[in-house]
Amino acid sequence: MPEGDTVLQTAGRLRTALAGRVLTRSDLRVPRFATADLTGRTVLDVVSRGKHLLTRVEGGLTLHSHLRMDGAWRVYAAGERWRGGPAHQIRAVLGNAERTAVGYRLPVLELLRTRDEAKAVGHLGPDLLGPDWDPGTALRNLLADPGRPLGDALLDQRNLAGIGNIYKAELCFLARATPWLAVGDLPAPTAARLVTTAKQLLEANRDRPTRTTTTPRTARGHGPKERLWVYGRTDRPCLRCGTPIRTADQDARPTYWCPRCQSGPTQ
């Protein structure tokens with residue numbers, strides 16, 4: 001599932017493949033931009049902002065994309081067969097003489113002026129993996145609505161950018177609070193530690209091929225294959241206490257928690 005660390009890695013792959021090279025192929029398969037042609041322009045940079053991708057192109061243009069749940073950018077060598085999905089799922093193709101980047105199932109794809117990037121990402125809170133990271137601002141944003149469920153507040157990209165459903169569940173577990181606990185009910189030290197932990201987790205996973213939130217020390221006796229505390233572990237024993245992990249929907253997304261280790265309401 002694309003979250004801030006995954007999107008950062010995607011930006012890195014696209015940057016390596018495209019930046020500094022002239023586009024010899026450009027195909028935006030969305031009605032609004034179907035006639036746009038970027039061929040002949042040099043890709044200047046590809047950056048991530050939270051869970052958004054910004055591909056900056058010569059001439060003051062930026063291709064903005066968002067992966068949401070199922071989107072993906074794949075990079076292929078010249079002549080390599082594309083394997084990211086059927087052709088009807090392709091939304092964008094950017095290529096040069098050596099590499100081709102293909103965007104599959106992109107729910108958001110728009111071409112805008114680079115000077116207008118704020119229209120796409122200006123609403124975001126501090127980026128956990130970005131140069132604008134500010135833990136104090138992130139904490140104030142998170143606590144601005146004290147009655148809001150913790151899980152909802154963590155997922156709101158206006159508070160802090162980069163957390164998705166996996167990190168939401170893992171952070172709630174590490175804070176020993178259920179995702180439905182009012183964020184204002186968190187003890188002040190726990191709330192501050194939560195923001196710090198979020199930063200540490202995403203930083204630890206920014207270069208990993210497989211996301212990991214546990215460690216051999218903290219998940220003693222469960223072996224190296226247990227990479228997540230609660231996410232996706234319905235009915236399996238909690239790595240701390242052995243109680244079966246529970247799951248329920250929160251805003252139409254599955255969330256996971258340990259009924260013994262985490263305190264607070266359950267839905």
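This report walks through the aromatic pairs, a four-stranded sheet and a buried helix of the structure above. Please keep in mind that the model is predicted.

**Aromatic rings**

Let's start with the rings. A pair of aromatic rings is described by the distance of the centres and the angle of the planes. Searching the whole structure gives four aromatic pairs, and two of them are set out here.

| Pair | Centre to centre | Angle between planes | Arrangement |
|---|---|---|---|
| Tyr-76 and Trp-82 | 6.4 Å | 20 degrees | stacked |
| Trp-180 and Trp-257 | 4.9 Å | 85 degrees | edge-to-face |

Are the residues of these pairs buried or partly exposed? In the stacked pair, Tyr-76 is buried, at a relative accessible area of 3%, while Trp-82 has 25% relative accessibility and counts as partly exposed, because buried means under 20%. In the edge-to-face pair, Trp-180 and Trp-257 are both buried.

The tryptophan pair also links separate parts of the chain. Trp-180 sits in the loop between helix H5 (165-174) and helix H6 (188-205), whereas Trp-257 belongs to strand E10 (residues 253-257), so the pair ties together parts that are 77 residues apart in sequence.

A third tryptophan has a charged companion: Arg-240 lies over the face of Trp-229, 5.2 Å from the ring centre.

**The four-stranded sheet**

Next comes an open sheet of four strands, with the order E2-E3-E4-E8 and antiparallel pairing. At its edges stand strand E2 (43-49) and strand E8 (108-113); each has a single partner strand, so one side of each is left without a neighbour in the sheet. On average, and ignoring direction, neighbouring strands of this sheet are turned by 20 degrees against each other.

Inside the sheet, strand E3 (residues 52-57) pairs with strand E4 (residues 61-66) over six bridges, in the antiparallel sense. One bridge brings two histidines together: His-52 has His-66 in E4 as its partner. Helix H1 (residues 4-18) lies across E2 and E3 and runs at about 175 degrees to E2.

**A buried helix**

Finally, how many of the 10 residues of H5 are buried? Nine are, so this helix is largely enclosed by the rest of the structure. The buried residues include Asn-165, Lys-168 and Glu-170, alongside Ile-166, Leu-171 and Phe-173.

What surrounds them? The buried residues of H5 pack against H1, helix H4 (150-155), H6, strand E9 (246-250) and E10. H1 thus appears twice in this account, lying across E2 and E3 and packing against H5. Just after H5, Arg-176 takes a positive phi of about 60 degrees.

How values were computed. Residues numbered from 1 in each chain as written. Predicted model: local features only at pLDDT ≥ 70, side-chain atom pairs only at ≥ 80, totals over all residues. Heavy atoms only, no water. Phe/Tyr/Trp six-rings, centres within 6.5 Å; stacked < 30°, edge-to-face > 60°. Buried < 20%, exposed > 50% of the residue type's maximum accessible area, 1.4 Å probe, protein only. Lys NZ or Arg CZ within 6 Å of the ring centre and 35° of its normal. Pairing = 2+ DSSP bridges. Axes fitted to C-alpha atoms, helices over the stretch in contact; angles between N-to-C directions. Contact = heavy atoms within 4.5 Å.
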